[in-house]
Amino acid sequence: QVQLLESGGGLVQTGGSLRLSCAISGRTSSDYAMGWFRQAPGKEREFVAAVRWGGGRTRLGDSVSGRFTISRDNAKNTLYLQMNSLKSEDTAVYYCAARARWHVNYYLTSAYDYWGPGTQVTVSS
């Protein structure tokens, strides 16, 4: 069983930056898939980024590629999402997600077994 807890959300101006953190408790392994998703009001939950807990290539959604970075600190059991050049359309609740094995469909919400409660990010102009 894995528990996830996001933090770092808040209000930021257009063009600004935020770093989200996801604290992970419970047993994980190097093969775990870790992801970030977001959901804006009235919209479906959208893939943002994913990485294998043991390392390897990161994956980013098209709408955030070049602006967001996913990283992890295995020693601190923490997943990060660095968000730069924020736009109003980045406003959403951001969720951390995990599954026990890396999956080719890492971009689908249905691929993940564990979810955090989410943290609100609001980008204002």
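Visitor: How many aromatic pairs does the count come to, and what makes two rings a pair?
Guide: The count comes to 8 aromatic pairs. Rings of Phe, Tyr and Trp (its six-membered ring) pair if their centres lie within 6.5 Å; planes under 30 degrees apart count as stacked, over 60 as edge-to-face and the rest as tilted. This is a predicted model, where local features need pLDDT of at least 70 and side-chain atom pairs count only at pLDDT 80 or more, while totals for chains, interfaces and linings use all residues. Residues are numbered from 1 along each chain as its sequence is written, and side-chain values use heavy atoms, with hydrogens and water left out.

Visitor: Why is the pair of Phe47 and Tyr106 called edge-to-face?
Guide: Their centres are 5.5 Å apart, which is within 6.5 Å, and their planes meet at 65 degrees, which is over 60, so the pair counts as edge-to-face. Phe47 sits in strand β5 and Tyr106 in the loop between β9 (92–99) and β10 (114–115), 59 residues apart. Strands here are DSSP runs of E, at least two residues, numbered from the N terminus. Ring pairs also link Phe47 and Tyr106 into a cluster with Phe37, Tyr95, Trp102, Tyr107, Tyr112 and Trp115.

Visitor: How do you know that the charged end of Arg45 sits over the ring of Tyr95?
Guide: The rule asks for NZ of Lys or CZ of Arg within 6 Å of the ring centre and within 35 degrees of the ring normal. The charged end of Arg45 is 3.7 Å from the centre of the Tyr95 ring, so the distance passes. Arg59 lies over the face of Tyr106, at 5.4 Å from the ring centre.

Visitor: Why is Trp53 called buried or exposed?
Guide: Buried means under 20% relative accessible area, exposed over 50%, and partly exposed in between (1.4 Å probe, protein chains only). Trp53 has 4%, so it is buried. Trp53 lies in the loop between β5 (46–52) and β6 (59–60). Beyond four places in sequence, its contacts (heavy atoms within 4.5 Å) include Ile24, Tyr32, Arg72 and Asn77.

Visitor: And what about Ser21: buried or exposed?
Guide: Its relative accessible area is 16%, which is under 20%, so Ser21 is buried too. Ser21 lies in strand β3 (residues 18–26), with Ser7 opposite.

Visitor: What makes β1 and β3 a pair?
Guide: Two strands pair if DSSP finds at least two bridges between them. β1 and β3 have 6, in the antiparallel sense, so they qualify. They belong to an open antiparallel sheet of 4 strands, ordered β1-β3-β8-β7.
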